[in-house]
Amino acid sequence: MTDFDFMNLAIEQAKISASELEVPVGAVIVRNGEVISVGRNRREIRKNALAHAEIEAIDLACKKLGGWRLWECEMFVTLEPCPMCTGAIINSRIRRLVFGASDYKAGSCGSVVNLFDLPYNHKPEVVSGFMQEECACLLTDFFADLRKRKSTKTKEQPETD
């Protein structure tokens, strides 16, 4: 499998999130060309600020591999990780991060800040903007649909005197 295949798997996870009315973010962790775990955004469903795609994928990978060091692993994620997820990538020692769309509100791998530039004990290889258009379209389409739903819902509410 190629980087395109792995990012397409992350996109599939993001589409599942969107179908659940979650912000569409998907993540895949790979070791030696084999998918170890997948994750998707589930903050609304779980009512939990920690339920990010990257955190879910890291948690599952650690459980599957029986340890917290993921130094042989690569992560593919549709959206640039936030500070929490970037910290988890550093702490889990993921060797390579590939992300699609930049996040100009919370991205911590170069957009708002680059936590990998700080003197932490681990710095993964980073590939940014991989399949960026496909990943960004997921988010653009999701938020356009969400605005449309809210607009329709507002119009459908009965008038009160």
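1. Let me open with a side chain on the surface: Lys63 has a relative accessibility of 60% and therefore counts as exposed. Please keep in mind throughout that this is a predicted model. Lys63 makes a salt bridge with Asp59, with 3.0 Å between the closest N and O atoms. Asp59, at 38% relative accessibility, counts as partly exposed. Both residues sit in helix α3, and because they are four residues apart, about one helical turn separates them. As a reminder, an α-helix has 3.6 residues a turn, so residues three or four places apart point the same way.

2. Now for the overall layout. The protein has five helices and five strands, and from the N terminus on the order of elements is α-β-β-α-α-β-α-β-β-α. For 161 residues, a compact globule would have a radius of gyration near 15 Å, and the 17 Å of the protein agrees with that. You may like to set beside this the span of the C-alpha trace along its principal axes, about 65 × 30 × 30 Å.

3. A few totals are handy to have. Of the 161 residues, 43% are buried. About 9100 Å² of the protein is exposed, and carbon and sulfur atoms supply 52% of that area. Counting contacts between residues at least 6 apart in sequence, 56% join residues at least 24 apart.

4. Helix α4 deserves a look on screen. How many of its 10 residues are buried? Seven of them are, so this helix, residues 83-92, is largely enclosed by the rest of the structure. The buried residues are Cys85, Thr86, Gly87, Ala88, Ile89, Ile90 and Ser92. Their cover includes α3 (53-65), β3 (73-79) and β4 (96-101). Just after α4 comes Arg93, with a positive phi of about 65°.

5. On charges: the protein has 21 positive and 23 negative ones, and the mean positions of these two sets lie 4 Å apart. Side chains of opposite charge can pair when their charged atoms come close. The structure holds 10 salt bridges, and the next two points take up some of them.

6. Glu72 and Arg31 form a salt bridge in which the closest N and O atoms are 3.5 Å apart. This pair links distant parts of the chain, since Glu72 is in the loop between α3 and β3 while Arg31 is in strand β1 (residues 26-31), 41 residues apart. Glu72 counts as partly exposed, with a relative accessibility of 31%. Arg31 also counts as partly exposed, with 27%.

7. Another salt bridge joins Glu125 to Arg96, again with the closest N and O atoms at 3.5 Å. Glu125 belongs to strand β5 (residues 125-127) and Arg96 to strand β4, so the pair ties together parts that lie 29 residues apart in sequence. Buried or exposed, what is Arg96? Arg96 is buried, its relative accessible area being 11%, whereas Glu125 counts as partly exposed at 43%. Both residues are members of a network of salt bridges that also links Asp3, Glu74 and Arg95.

8. Glu54 is one I would ask you to check. This residue is found in helix α3. Glu54 is buried and yet has no salt bridge. Which side chain of opposite charge is nearest to Glu54? That is Arg43, 8.8 Å away. Beyond its neighbours within four places in sequence, Glu54 is in contact with Ala27, Met75, Val77, Leu79, Pro81 and Cys85. One of these, Cys85, is also among the buried residues of α4.

9. Last, Val28, which has its place in strand β1. With a relative accessible area of 0%, Val28 is buried. The C-alpha atoms of Val28 and Val38 are separated by 4.4 Å, although the two residues are 10 apart along the chain. Setting aside neighbours within four places in sequence, the contacts of Val28 are Phe6, Leu9, Ala10, Val35, Ser37, Val38, Glu74, Met75 and Phe76. Two of these names have come up before: Met75 is also in contact with Glu54, and Glu74 takes part in the salt-bridge network.

Definitions and conventions. Residues numbered from 1 in each chain as written. Predicted model: local features only at pLDDT ≥ 70, side-chain atom pairs only at ≥ 80, totals over all residues. Heavy atoms only, no water. Buried < 20%, exposed > 50% of the residue type's maximum accessible area, 1.4 Å probe, protein only. Helix = DSSP H or I, 4+ residues; strand = E, 2+ residues; numbered from the N terminus. Contact = heavy atoms within 4.5 Å. Rg over C-alpha atoms; globule rule 2.2 N^0.38 Å. Areas by Shrake-Rupley, 256 points an atom, 1.4 Å probe, with all protein chains shown as cover. Lys, Arg positive; Asp, Glu negative; His and termini not counted. Charge placed at Lys NZ, Arg CZ, Asp CG, Glu CD. Salt bridge = Lys/Arg side-chain N within 4 Å of Asp/Glu carboxyl O.
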